[in-house]
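Please open the model in your viewer and keep the sequence panel visible. The stops below are given in the order in which they may be selected.

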Amino acid sequence: MSRLFFVLWIALIPVFAAAQIADSITIYDYDEPKDYEIGGIKVTGANYSDDNAVIGVSGLKVGDKIRVPGADIPKAIKNLWRLRLFTDVQILEEKTIGDVIFLELVVQERPRLSKYSYEGVKKTYHDDLNEELNKYLLKGGIVTENVKVNAKEAIEEFFIGKGYLDVDAKVEEHADSSRANSVRLVFNVDRGERIKIDDIIFVGNNQVKDKKLRKQLDNTKRKRKLFASSKFIKEEYEEDKKKIISFYNTIGYRDAQITKDSLWRDPDGNLMLQMNIDEGNQYYFRNISWKGNSIYDTETLQNVLGIEKGEIYNQELLQTRLSFSQDGRDVSTLYMDNGYLFFQVDPIEVAIDNDSIDLEIRIFEGPQATIDKVIVKGNDRTHEHVIRRELRTRPGEKFSRTDIIRSQRQIMNLGYFNPETLGINTPVNPQRGTVDIEYSVEERPSDQLELSAGWGGYQGVIGTLGVSFNNFSLRNFFKKKAWRPVPMGDGQRLSLRAQSNGRFYQSYNISFTEPWLGGNKPNSLTVAAFYNRLTTGDRSFSTFGSFNIINGTVSIGTRLNWPDDNFISNTAINIQTLSLNNWYSGIFRTDDGDLVSDGNYNNFSIKQTFARSTINDPLFPKEGSRFSLSVQLTPPYSLFDDKDKNYEDQEPADRYRWLEYHKWRFDAEWYTTLVGKLVLKASAKIGILGHYNERLGTTPFERFQLGGDGINNQQFSFNGVDIISLRGYEVEQLEANSINGRNTATPVFDKFTLELRYPLSLNPSSTIYVLAFAQGGNSWRELRDFNPFDIKRSVGLGLRVFLPMFGILGFDYGIGFDKPNDGTLKTMGDFNIILGFEPE
């Protein structure tokens, strides 16, 4: 009986359920709609969206009157669909009490992105791809079809830019079980083969050869060219087409145009490009007239323009001479340097007769502009007065373009700011005839740290500790709040360095420079001192020897106004003592080749230097030059001695107790940008050490040693000689540097260098560039043997990395052609390491 009752109960469950559902559903008659007041609204299913925001977007509010059935509910559903946040939207009646209705907004949210990954893509591309996808994908963001399509297209565009024209990206969406309502996206990428440009064909170019036109294409290259990128990028191709036309314009073909260009794939799948060119006629300048000029006469303007009748019609040259030339030879600079900021110039072709063009150059001179405010922004470490004292633009003065360019260069040469982001803005007030000048700078690290340590066993402690604060502030030294970590911002330079090679070598250096002594004029004061000691080891050994130097220097520098204000004069007083005790491993020798190994020597000298610099960036110069001429003199002590005094019978310690000499140095560097970022550096160095008294001869100290990397051998020679590097050659491989198999220094040297430099990174935190060099130099024991064409030649490659805290790091590999060798790279090549600073 109980079993029969159970079966009947199960059979009747659907009937009871249907009855309950029927009772809970309200049937509305569309022919008889009814008005209700909204008594409440609740939201179901909105896990990541704010309930109040959902209700607000729907347009429904508690207390509103709505008609059911009617237009209010469908309108609210449409409002929610427009958000594109939901895959399903329903509005249900929760209950009614009389004329009051309670609504339930039931939504199903779109899935949220938890993460994404790549398939078929090398890890080296992941960071770049992430940067592209971050524009469309946000972790925790809504995943829609549009989002996936945009991400797919971004990936494909990225690889097309790399030359993979057949790339195909697919997007897979997977539910993420670790998070509710979340998905992860997987991008399957098939890059295919890199498509290269097989050939570039020109049609219609009768006056210019194909090879010449291909050179104008900076980014669109054939794959035949070694090291050239032959991938096709549409945007770069369009820019290169403009360069073709620009080139034609420079050689007189003002009407040249590309009438048609074609792109197709050859049977191997490579790209073929063809450009059809209509060169037109070649034109020449004929008559040039000026209109509107009252400040400068026609002859002056014509001389600045520098274009003669009959020259090829070069539109680029015309614009350069009118508007802006790197060398400052242009009409615009002529006016703007005199305050005419509102100056305008417009060349008009007034007649075209066969192949000749007449120009009328119309000038609007306008009023002169006066500088109102000079504003400096972005200097969060460097004090403003340090920047302002370098500026050539001052309130109340007439506007000058040259002064702005010079101020820009002076700011960069401070070395405290990123030259790549230095900005200059000139907001104008035409009503008042004034202009503000805003300099925007970005600080970069300028201090350097040198640290190394170790234990050398018998040698003892070996290592180096050095710091250079290049933007120091002495006046804030005793202010506790200024130590962050040291007082800085006043542009002073403080350097401290200690180096030890155990018992064999110790060196201690300190220097301080105030670049603006007194704060009103660019007069610098430098005070420096060092103590160096080199020994042969343990004092208990009978062969013990030592070499000590104590040196102090005070120098005054000033900026000159003649011949121009790029010149600097520096006068230094130097006093030095050198003590040698049984020092047979030294390189100090007399003119006769005798080794100087014992004695105390005094070196009191005055050094005068004249230098000129127009370098635009001290770390990686692209333009400008730098040269210096110095002479270092000691008193001519021997001229006051007895004329019959026999110096040859004296020991070196007596003969050279007070060193006497005149020492000359000439150094020159020149930089220019050849193309793009490729920079050419040319430099020359010449040194001559002379004497006053022929009988006394040349001092064994203060000579030059050429060869090696200029660093390793400097450690063991101190400042008793000038160390000059010569890549590809060791010191002993130059004939004049060796006497009886022992190294020595010489009184005469020269060195010439050509370098091609290309930057890999100009980031202020790490400036990196590669270089190729050709170098030549030599040394001589007598001035009469000096021959600038008798040089030891070398070529090679190198790398430089500048890290603000550590200075210059790098290497050179040089191949010397004029040293003993068997014709192999092993005997011709020489590898050098650069640490801390660039050797001479």
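Select Pro445 in this predicted model and display its surroundings: leaving aside residues up to four places away in sequence, Pro445 touches Arg381 and Pro804. Pro445 is found in the loop between E17 and strand E18 (448-455). Is Pro445 buried, partly exposed or exposed? Its relative accessibility is 42%, and Pro445 therefore counts as partly exposed. Add Pro618 to the selection and draw a line between the two C-alpha atoms: Pro445 and Pro618 are 173 residues apart along the chain, and these atoms are separated by 14 Å.

**Strand E17**

Now select strand E17, which covers residues 434-440 and includes Thr434. With a relative accessible area of 11%, Thr434 is buried, because the limit for that class is under 20%. Show the contacts of Thr434 next: not counting residues up to four places away in sequence, they are Thr370, Asp372, Val428 and Asn429.

**The cavity**

Rolling a probe the size of a water molecule over the atoms shows where empty space is left. How many cavities of 30 Å³ or more are there? The count comes to 1, and the largest cavity has a volume of about 30 Å³. To locate the largest cavity, select its lining residues: Pro419, Arg444, Asp617, Leu619, Phe620, Leu762 and Thr767. Colouring this lining by class gives 4 nonpolar, 1 polar and 2 charged residues.

**The second largest pocket**

Move on to the second largest pocket, whose volume is about 780 Å³. Select Phe324, Gln326, Ile405, Arg409 and Glu623, which lie nearest the centre of this pocket among its 19 lining residues. Which helix supplies the largest share of the lining? Helix H12 (residues 401-413) does, with 7 residues. Coloured by class, the lining of the second largest pocket shows 9 polar, 6 charged and 4 nonpolar residues.

**The three-stranded sheet**

Select E11, E13 and E12, which in that order form an open sheet of 3 strands with mixed pairing. Strand E11 (284-291) and strand E12 (344-353) are the edge strands, each pairing on one side only. On average, neighbouring strands of this sheet are turned by 25° against each other, direction ignored. Zoom in on E11 and strand E13 (residues 356-364): the two run parallel and are joined by 6 bridges. To view one such pair, select Lys291, whose bridge partner in E13 is Arg362. Helix H9 (residues 315-322) packs on the sheet, where it touches E11, E12 and E13; the direction of H9 makes about 150° with that of E12. Add helix H8 (residues 298-305), which lies across E11 and E13 and runs at about 140° to E11.

**The four-stranded sheet**

Go next to an open sheet of 4 strands, arranged in the order E2-E1-E4-E3 with mixed pairing. Its edge strands are strand E2 (65-68) and strand E3 (86-97), and each of them pairs on one side only. Neighbouring strands of this sheet are turned by 45° against each other on average, direction ignored. Select E3 together with strand E4 (residues 100-109): they run antiparallel, with 10 bridges joining them. Within this pair, Leu92 has Glu104 in E4 as its bridge partner. Then display helix H2 (residues 51-58), which packs on the sheet and touches strand E1 (34-44), E3 and E4; the direction of H2 makes about 145° with that of E1. Helix H3 (residues 72-82) also packs on the sheet, touching E2, E3 and E4, and its direction makes about 145° with that of E3.

**Strands E26 to E28**

For the last stop, select strand E26 (residues 624-633) and strand E27 (residues 662-675), an antiparallel pair joined by 10 bridges. Here Val631 stands opposite Trp664 in E27. Extend the selection to strand E28 (residues 678-690), which pairs with E27 in the antiparallel sense over 13 bridges. In E28, Lys681 is the bridge partner of Tyr671. What do E27 and E28 form? They form a hairpin with 2 residues between them. Finish at Gly676 in the turn, where phi is positive at about 60°.

Methods:
Residues numbered from 1 in each chain as written. Predicted model: local features only at pLDDT ≥ 70, side-chain atom pairs only at ≥ 80, totals over all residues. Heavy atoms only, no water. 1 Å grid on protein atoms, 1.4 Å probe; cavity = no way out; pocket = protein on both sides within 12 Å on 5 of 7 lines; lining within 4 Å. Points joined across faces, edges and corners; volume = space filled by probe spheres on them. Nonpolar A, V, L, I, M, F, W, Y, C, P; charged D, E, K, R; others polar. Pairing = 2+ DSSP bridges. Axes fitted to C-alpha atoms, helices over the stretch in contact; angles between N-to-C directions. Contact = heavy atoms within 4.5 Å. Buried < 20%, exposed > 50% of the residue type's maximum accessible area, 1.4 Å probe, protein only.
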